[in-house]
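Dear colleague,

Please find the structure below, handed over for your consideration. My notes on what was found in it follow directly after.

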Amino acid sequence: MGNNTTEISIVTKPDMFSEVLSFYKNILGEPDSEGERKAMFRIGTLEFYIHQGDADPPSFRDHFGFGMEDLDAACQDVKSRGIVLDAEPKEYYWGKSAYLTDPEGRELELMQEQEGT
């Protein structure tokens, strides 16, 4: 079902992004990509993202993301097992994703990247 891409994303308060990014640079070294509001560290097949939130508290939550080769089929599969999606697949500039929550409240993202992104 998956494509071996695993993502962990954390979201900072707007005024804490630089400090949090510096903290992780001291642990992981320089990020593989870095922008004004986002950085990504690649650790094997794991992609660890740090996003600057747009509000306090952030509207975007820390979460785990799992890459899918066919997101629509994966969503149908999990729904057939009685799992409710919090957000159905949605298109973004980089691909599409859907969200669900585990029994203890952790947010999970199922995602499918567009070819070439």
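Strands β3 (residues 38-43) and β4 pair in the antiparallel sense, with six bridges between them. Please bear in mind throughout that this is a predicted model. Within this pairing, F41 stands opposite F48 of β4. Two residues lie between the strands of the β3 and β4 hairpin, where G44 takes a positive phi near 65°. Strand β4 covers residues 46-52, and because five of its seven residues are buried, it is largely enclosed by the rest of the structure.

As to the chain as a whole, its secondary structure comprises two helices and eight strands. Along the sequence these elements follow the order β-α-β-β-β-β-α-β-β-β. The chain has 117 residues, of which 33% are buried. Of the contacts between residues at least 6 apart in sequence, 52% join residues at least 24 apart. The accessible surface is about 7300 Å², and carbon and sulfur atoms account for 50% of that surface.

Turning to the interior, in soluble globular proteins nonpolar side chains tend to be buried together. The largest nonpolar core of this model has ten residues: M68, L71, A74, C75, V78, L85, A98, L100, L108 and L110. Three elements each supply two or more residues to this core, namely α2 (71-80), β7 (95-101) and β8 (107-113). Helix α2 gives the most, with four residues. A second core, separate from this one, has eight residues, including F17, V20, F41 and F48. The facing pair of the β3 and β4 hairpin, F41 and F48, therefore belongs to a nonpolar core, which by definition is built from buried residues joined through side-chain atoms within 4.5 Å.

Within the largest core, L100 merits a closer look. Beyond its neighbours within four places in sequence, L100 is in contact with I83, V84, L85, D86, R106, E107, L108 and L110. Among these partners, L85, L108 and L110 are also members of the largest core.

R106, another contact of L100, is located in the loop between β7 and β8. Is this residue buried, partly exposed or exposed? With a relative accessible area of 39%, R106 is partly exposed, because the value falls between the limits of 20% and 50%. The side chain of R106 forms a polar contact of 2.7 Å with the side chain of D102. Leaving aside neighbours within four places in sequence, R106 is in contact with F64, L100 and T101. R61 is 45 residues away from R106 along the chain, yet their C-alpha atoms are separated by 9.4 Å.

Two buried polar residues also deserve mention. H63, in strand β5 (residues 63-68), has a relative accessible area of 2% and is therefore buried, the limit being under 20%. Which side chain does the side chain of H63 meet in a polar contact? The partner is E109, at 2.9 Å. Not counting residues up to four places away in sequence, H63 touches E7, I8, S9, Y99, E107 and E109.

S9, one of the residues touched by H63, has its place in strand β1 (residues 2-12). At 1% relative accessibility, S9 likewise counts as buried. The side chain of S9 is joined to that of E7 by a polar contact of 2.8 Å, and E7 is itself among the residues that H63 touches.

With kind regards

Technical notes. Residues are numbered from 1 along each chain as its sequence is written. This is a predicted model: local features need pLDDT of at least 70, side-chain atom pairs count only at pLDDT 80 or more; totals for chains, interfaces and linings use all residues. Side-chain values use heavy atoms; hydrogens and water are left out. Buried means under 20% relative accessible area, exposed over 50%, partly exposed in between (1.4 Å probe, protein chains only). Contact means heavy atoms within 4.5 Å. Accessible areas come from the Shrake-Rupley method with a 1.4 Å probe; for residues, only the protein chains shown count as cover. A polar contact is a pair of N or O atoms within 3.5 Å; within protein, one must be able to donate a hydrogen and the other to accept it, and residues adjacent in sequence count only if both atoms are side-chain atoms. Two strands pair if DSSP finds at least two bridges between them.
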